[in-house]
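Let's walk through this structure together, starting where the two chains meet and then moving into the fold of each chain.

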Protein chains: 2
Amino acid sequence: MKPSLTFWYEFASTYSWLAAERIEMLAAQAGVDVGWRPFLLGPIFAGQGWTNSPFNLFPAKGRNMWRDMERLCARMGLPPIMRPNPFPQNSLLAARVATALPVVVRPQFSCAVFRAQFANGHSIADRAVLAAILDDIGEAPPDALAAAEATKTKEALRRTTDQAQSLGIYGAPSFTTGSGELFWGNDRLEQAIAWAKNETATSVDNLDARTP
Amino acid sequence: MKPSLTFWYEFASTYSWLAAERIEMLAAQAGVDVGWRPFLLGPIFAGQGWTNSPFNLFPAKGRNMWRDMERLCARMGLPPIMRPNPFPQNSLLAARVATALPVVVRPQFSCAVFRAQFANGHSIADRAVLAAILDDIGEAPPDALAAAEATKTKEALRRTTDQAQSLGIYGAPSFTTGSGELFWGNDRLEQAIAWAKNETATSVDNLDARTP
């Protein structure tokens with residue numbers, strides 16, 4: 001009955017990076033398991049009529065996002081953010097690689113992809129960048145890249161994105177609990193973890209109540 | 001040299017309500033003065049092509065906003081949120097009244113308007129609703145409503161909205177410091193207050209450095 005939280009993230013999303021850097025430690029402190037679910041925001045944005053990031057479509061919003069990221073990186077002790085060029089990056093291949101990898105290595109791979117992009121300014125659409133990360137974490141790059149482009153991986157990523165949309169997800173990062181409670185944004189990570197923990201506590205109480 | 005923070009709010013904005021409920025206590029604890037600046041989001045949204053609230057334009061975003069507000073009201077010990085009908089409310093008259101009122105009564109008036117709307121479901125476009133609030137806070141309703149509709153008040157509110165836009169504001173609530181640092185959203189209130197406090201501390205240090 002260990003509580004769990006699903007972490008929905010998009011590799012091109014700046015605030016997904018911040019959540020990825022924090023979630024494992026915060027969840028461990030609360031005794032909550034985390035399921036890492038990379039998905040694609042592009043199809044969801046397209047569904048609401050956007051063909052680009054809202055941070056590009058709405059320049060004032062974009063300017064403040066980059067400034068907010070500068071402040072948050074400093075507060076969190078992260079390297080200063082580098083704006084990848086172009087922004088947003090094409091995250092399709094990275095999301096497919098993450099989908100195909102064993103779930104136990106997804107966090108490490110994903111954090112490395114975010115750092116390559118936002119701390120080092122590398123292109124995450126570049127196979128060589130992803131291959132170097134795979135090599136670093138001990139996954140054979142040719143195998144992982146081949147698995148990423150297998151039909152079943154492409155289909156799995158499409159299903160994940162469809163599932164995100166059917167859960168009401170419209171941005172990244174998002175967090176969902178077992179009961180379907182949805183939290184949007186890095187700012188809600190602590191509340192999402194507390195909710196997941198409390199849901200399970202309630203279930204345990206219910207079980208106890210049934211035991212004479 | 002007391003530090004100060006400007007609080008930019010829109011009466012129709014749910015998250016502006018939450019910030020209005022919290023800002024005076026948090027700022028007082030930090031020794032920061034707050035300048036309450038009601039403005040209109042409508043013209044700013046129109047400038048980016050929106051003729052309605054993003055919470056209506058993007059239904060998934062809207063659904064999660066209302067759920068988020070339910071959770072946040074419960075956490076903050078506020079009354080459960082009531083969805084005003086229509087949403088967003090026409091906030092023009094309320095913003096004009098707040099603009100015309102003496103600045104010392106703006107916080108009390110503004111909090112009462114937010115509560116009338118979001119805790120009691122009243123229409124803040126209704127002169128009678130605003131008159132009752134004015135009466136409650138000891139401001140003569142006929143005088144305050146007449147002042148609200150004076151040409152100089154209408155112009156002052158337009159200038160405030162123009163100034164908000166020129167500061168890079170694109171949503172509400174927002175917070176700006178003396179140096180022009182911009183924070184967006186109720187979630188950034190604590191950081192904005194800390195920034196305002198620190199800016200002044202730095203200025204004092206600079207002054208001290210100039211004193212032999």
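In this predicted model, the contact between the chains draws 11 residues from chain B and 11 residues from chain A. On the side of chain B that touches chain A, the elements giving two or more residues are helix 4 (59–76) and strand 4 (182–184) of chain B. Helix 4 of chain B supplies the largest share, 4 residues. By character, the residues on this side of chain B split into 5 nonpolar, 3 polar and 3 charged.

How do the two copies relate to each other? Two copies of a chain are related by a rotation about an axis and a shift along it. Here, a turn of 180° and a shift of 0.0 Å along the axis lay chain B on chain A with an RMSD of 0.0 Å. That is the relation of a two-fold axis. In chain B, the C-alpha nearest this axis belongs to Asp187(B), at 3.6 Å. Of the interface residues of chain B, 100% are also interface residues in chain A, so the copies meet through the same surface.

Now to the sheet. Chain B has an open sheet of 4 strands in the order 2-1-3-4, with mixed pairing. Strand 2 (33–38) and strand 4 of chain B are its edge strands, each pairing on one side only. From one strand to the next, the twist averages 20°. Strands of a sheet pair through backbone hydrogen bonds, either parallel or antiparallel. The pairing of strands 1 and 2 can be followed in either chain:

| Strand pair | Sense | Bridges | A residue and its partner |
|---|---|---|---|
| Strand 1 (residues 4–9) and strand 2 (residues 33–38) of chain A | parallel | 6 bridges | Ser4(A) opposite Asp33(A) |
| Strand 1 (residues 4–9) and strand 2 of chain B | parallel | 6 bridges | Phe7(B) with Trp36(B) |

In chain A, helix 1 (residues 14–30) joins strand 1 and strand 2 in making a right-handed β-α-β unit.

Elsewhere in chain A, have a look at a pair of helices. The axes of helix 5 (residues 92–100) and helix 8 (residues 141–148) of chain A come within 8 Å and cross at roughly 105°. Angles of 65 to 115 degrees count as roughly perpendicular, and helix 5 and helix 8 of chain A are therefore roughly perpendicular to each other. Which residues meet there? From helix 5 of chain A come Leu93(A), Arg96(A), Val97(A) and Ala100(A), and they meet Ala144(A), Leu145(A), Ala147(A) and Ala148(A) of helix 8 of chain A. The residues of this contact divide into 7 nonpolar, no polar and 1 charged.

Notes
Residues numbered from 1 in each chain as written. Chains lettered and ligands numbered in written order. Predicted model: local features only at pLDDT ≥ 70, side-chain atom pairs only at ≥ 80, totals over all residues. Contact = placed C-beta atoms within 7 Å. Nonpolar A, V, L, I, M, F, W, Y, C, P; charged D, E, K, R; others polar. Pairing = 2+ DSSP bridges. Right-handed = clockwise from strand over helix to strand, strands pointing away. Axes fitted to C-alpha atoms, helices over the stretch in contact; angles between N-to-C directions. Parallel < 35°, antiparallel > 145°, perpendicular 65-115°, else oblique. Least-squares fit on C-alpha atoms with pLDDT ≥ 70 in both.
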